[in-house]
Amino acid sequence: MKSAVAISGNTGPKVRSDCEITLQLSGKGGIAIDLTSKVKTLYGKSIVNLTNQVLDFFNIKNANVRIIDSGALPFVISARLEAAVKKLTDTELEYLPDFLPENDYSTTRDRFRFSRLYLPGNNPGLMINAGLHSADGIILDLEDSVATDRKDEATILVRNALRQINFCGAERMVRINQGERGLKDLLSIIPHNVNLVLIPKCESPEYIKKVEKEILGIRKKLNLQNQVFLMPIIESALGVENSFAIAQSSDNIVAMAIGLEDYTADLGVQRTAEGKESFYARTRIVVAAKAAGIQPIDSVFSDVADMEALRETVLISKSLGFEGMGCIHPRQIPVIREGFAPDETEIEKSKKIVFAYESARLNGLGVVALGSKMIDPPVVARAQKTIDLAIRLGLLEDNWIKNISS
Amino acid sequence: MTVKRVKNAAGRFVPTEINGQPVIPYKGVGKHKPEGRKYSPRIPSCSDFPEDGNKVTGSLEEALCKCGLRDGMTISTHHHLRDGDLVSNKIFEIASSMGIRDLIWFPSASFPCNDPLIKYLDNGTINRIEGSMNGPLGRYVSEGKMKGTAVLRSHGGRVQAIQDGEVKIDIAVMAAPSADSFGNAKGTGGTSACGVLGYAKADTMYADKVIVVTDNLVELPCFPMEIEGNYVDYVVVVDKIGIPEKIVSGTTQITKSPDRLLIADLTAAFLEKSGILKNGVNMQAGAGGTSLAIAVFVHQILKNKGWKSKLGFGGSTKYMVKMLEEGQMGYILDAQAFDLDSVASVERNANHVAYPVFNAYNYHSKGNLTSMMDIMILGATEVDLNFNGNVVTHSDGYLLHGIGGWQNCLHARNVILPLPLFRDRIPVIVDDVTTLCGPGELIDVIITERGIAINPLRKDLIESVKGSGLPLKTIKELKEEAEKICGKPEKPEFEDDIVAAIKWVDGTVIDVVRKIKNN
């Protein structure tokens, strides 16, 4: 037995959709549950039933349980209970809520990753509706947003969230911790259809290889079919210097991100809105990622109230070659998406170029000209990329070229 | 003594008598036709009032005594000072010290600042409240502790009850941010400005005695007067009628919640794509965080399209004032101002006009404003599969809110309820509302973060958004989605005792609230 009383979860005037559980094992007297809940009239019985079920699952027959509930959903209550149990007893058992069939999807290497929304891994209130905001990816974060002494309970909560929350088609991402803790995190989350793992503070290809090996091991052991992509985050001077090697270190890497808070701290400089201090690192990451054939992703923009500044930042980011950005508030998602999407002028120009190229090709001409201007092949290739993007974003019809010709 | 209960037209069992007075069960929308003549207060004579017009009296206590305060009287107040009101509680403090019993408090709304009145309910000074009951007062009533039965009316229902004589006000105590010695009064000026006094008109016209209480006595005439001195018996000057920062908020804030903003986004998109939002539209929205966000988004659409709303009905907020000032709204007709910008606007802008609830909401009238509104944005604690709405109780059965203008506003052309699908695990869409406040036939659209349900009766609206890309679902689908996430909730248990009656806009009883069963 580890200690006498365990507490897990959160309570307080601002806490929503969570609960705090105090568990005390006792020698006799069965299970005694003391429930305080604002939804007691509506869900009191079901909370008590669930509590009994979970404790029985862990073979706990005698205990005092105090639950202060702020409208926690069942998967949250069971996660909190499990975390408390694991503080008091050694067990490998996992109380898994049902895996929603709608969560059984995979993603592709080249899908858009314009916006990816960070969710603190120990805050269920922000998770429940996260899928409604149309982010390309949703990150359940186990790293910086979770206090050191809450890592275990957050891991259980994130695992349950992966099973129970419908993220509406967003790429299901988890940011693991650094080092050994990060490898341990994988064991809890990989079996629950994670599409992509974010690896923080990457400085060398070796750690990526370790993560990859660990994931492969888990997939083999459990015979998992789902693909798990990787996205290293570069957050230090050493990481920037090694970025190309990191980007190339695994076939499963689909994108590489930069984290500017830690990077500027590592440099010992202030992070400014203008971003001169990180210009080199950002362009270096873009070049490394492009050279490795993966998507370069920019850092988050931290002022959630200033949408205009975000808009400007996104446009700069796009002009540097980035293909996406992190979000810390759902309201940032549409601004980022609109920013990275090609605008009307770009689309129109690209249409003209691609149309000229196609006409030249059909007429057997080797040289493409738009008006009196010759067009080089790379220009055509870039225009084609813009067109593809516009079609995939629904900004342009699939058969646009026919509509022009006819 | 058992009172007979009958099934009303909405299928709810209601008594035929409340607080010893006969009442009419709800008959359906527009079905009850009132008979007879309006109530008339006593005829006063100028010979009883000072020729110089000076009605200033020493104190509130003196004025109440002169009005003949005695057991069983009905005392009315308005709620323009909101949570900063220092006058209402004072009345009952005085009455209690005089040993008066069984008063009926008839406010246009109550606020947390009125919670201390529980002690006067306990000691018998107050028999019952006929008005709104929020927070601890609602809990008190729900637990069956109030001596009389509460009667909840909409703002329009309240003035209808006054006009029709269902409620005979003995003394109206009207707090006024500015008043002159004759009793003319208005909502602006002084340190306790609330903007407008839209809830005071019926009280002053129909009460037997009217006391104006002010902390800002101005030279005659107090202009523009919303309360006219001809109706007023006494004027009392006190140090303070209210706590300014609790009367109006410094600034009303749009919601920061991503989910509520998503609901506001969807609502604005619905208004635009359905064609409801158009040039010349009349509209009304509340002061809640989501409504304010909707107002901001709607304003942007109007701007982008070069459209203008003909008029908006207040409660006004700075976002409405912005529309007025930037040219996207022609007029604001206003029954109450919610923030400092609105108070300032009433004072300076001739197109921002104080407009009494008596004119805007009274159903026993020759038409009123509500049916002329194209867009009406409202809230609810629960909506059921038949689109019936509840605004007074929560799903746990406790009485926690007043009706406000909600029932009256249901008569608008397009009634839209932007609601979160669940609040802290509590689903908003239920099989049957705990308390019926508004019939589903008047509620057109429910907009949640997980989809939009249009009332099947509104075939035109359903048609208007076909192929719009909006996430349309049936109300049943929405309910099932919430229950899949939250689990199916249990129902609260009630005793048989009725603790409150819910009146419809025509004075009939649409439902009752029963005492919570103590487990």
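Two strands are said to pair if DSSP finds at least two bridges between them. With that in hand, the sheets of this predicted model can be followed strand by strand. In chain B, strand 28 (residues 494-503) meets this condition with strand 29, the two being joined in the antiparallel sense by six bridges. One of these links brings together Lys503(B) and its bridge partner in strand 29, Val509(B). Both strands belong to an open sheet of three strands in chain B, with the order 9-28-29 and mixed pairing. Strand 9 (150-152) and strand 29 (509-516) form the edges of this sheet, as each of them pairs on one side only. On average, neighbouring strands here are turned by 40 degrees against each other, direction ignored.

A second group of strands in chain B is built around strand 7 (residues 103-107). Parallel pairing joins strand 7 to strand 6 (residues 74-77) over four bridges, and within strand 7 the residue Trp105(B) has Ile75(B) standing opposite. Between these two strands the chain passes through helix 2 (residues 88-97), making a β-α-β crossover that is right-handed. Strand 7 also pairs with strand 8 (residues 126-129), again in the parallel sense, over three bridges. Here Leu103(B) has Ile126(B) of strand 8 as its bridge partner. For a reader new to sheets, it helps to recall that strands pair through backbone hydrogen bonds, either parallel or antiparallel.

How many of the residues of strand 7 of chain B are buried? Five of the five are, so the strand is largely enclosed by the rest of the structure. Both of its faces are covered: Leu103(B), Trp105(B) and Pro107(B) are buried on one side, and Ile104(B) and Phe106(B) are buried on the other. Asp102(B), in the loop between helix 2 and strand 7, gives another picture. Asp102(B) is partly exposed, with 15 other C-beta atoms within 10 Å; a residue counts as buried only if there are 20 or more, and as exposed if there are 12 or fewer. The backbone of Asp102(B) also deserves a look, with phi near 60 degrees, a positive value in a residue other than glycine.

Some further local features of chain B can be found in its loops and helices. The peptide bond from Phe223(B) to Pro224(B) is cis, with omega near -5 degrees, and Pro224(B) sits in the loop between strand 13 (209-214) and strand 14 (234-237). Another cis peptide bond joins Gly314(B) and Gly315(B), where omega is about 10 degrees. Gly315(B) is part of the loop that runs between strand 16 (309-313) and helix 10 of chain B. Helix 10 (318-326) of chain B appears again as a packing partner of helix 11, whose buried residues also pack against strand 17 (329-334) and strand 18 (352-354). In helix 11 (residues 340-348), the buried residues include Asp341(B), Ser342(B), Val343(B), Ser345(B) and Val346(B).

Turning to chain A, the secondary structure comes to 15 helices and 14 strands. The C-alpha atoms of chain A fill a box of roughly 90 × 50 × 45 Å along the principal axes. Of the 406 residues in chain A, 45% are buried. Among the contacts in chain A with a separation of 6 or more, 71% are between residues 24 or more positions apart. A positive phi occurs at Asn223(A), a residue other than glycine, with a value near 55 degrees. Asn223(A) lies in the loop between helix 6 (205-222) and strand 9 (229-234) of chain A, and Asn223(A) is exposed, having 6 other C-beta atoms within 10 Å.

The domain assignment divides chain A into domain 1 (5-88), domain 2 (101-340) and domain 3 (344-405). Domains 1 and 2 of chain A have C-alpha centres that lie 32 Å apart, and their contact takes 14 residues from domain 1 and nine residues from domain 2. Which element gives the most to the domain 1 side of this contact? Helix 2 (residues 74-88) of chain A does, with eight residues. By character, the residues on the domain 1 side are six nonpolar, three polar and five charged.

Finally, the two chains meet in a contact that takes 19 residues from chain A and 18 residues from chain B. On the chain A side, helix 1 (residues 40-57) gives the most, with five residues. The residues of that side divide into seven nonpolar, eight polar and four charged.

Terms used
Residues are numbered from 1 along each chain as its sequence is written. Chains are lettered from A and ligands numbered from 1 in the order in which they are written. This is a predicted model: local features need pLDDT of at least 70, side-chain atom pairs count only at pLDDT 80 or more; totals for chains, interfaces and linings use all residues. Axes are lines fitted to C-alpha atoms, for helices over the stretch in contact, and angles run from 0 to 180 degrees between N-to-C directions. Domain bounds come from an automatic or database domain assignment. Two residues are in contact if their C-beta atoms, placed from the backbone, lie within 7 Å. Ala, Val, Leu, Ile, Met, Phe, Trp, Tyr, Cys and Pro count as nonpolar, Asp, Glu, Lys and Arg as charged, and the others, Gly among them, as polar. A crossover is right-handed if, with the strands pointing away from the viewer, the path from the first strand over the helix to the second runs clockwise.
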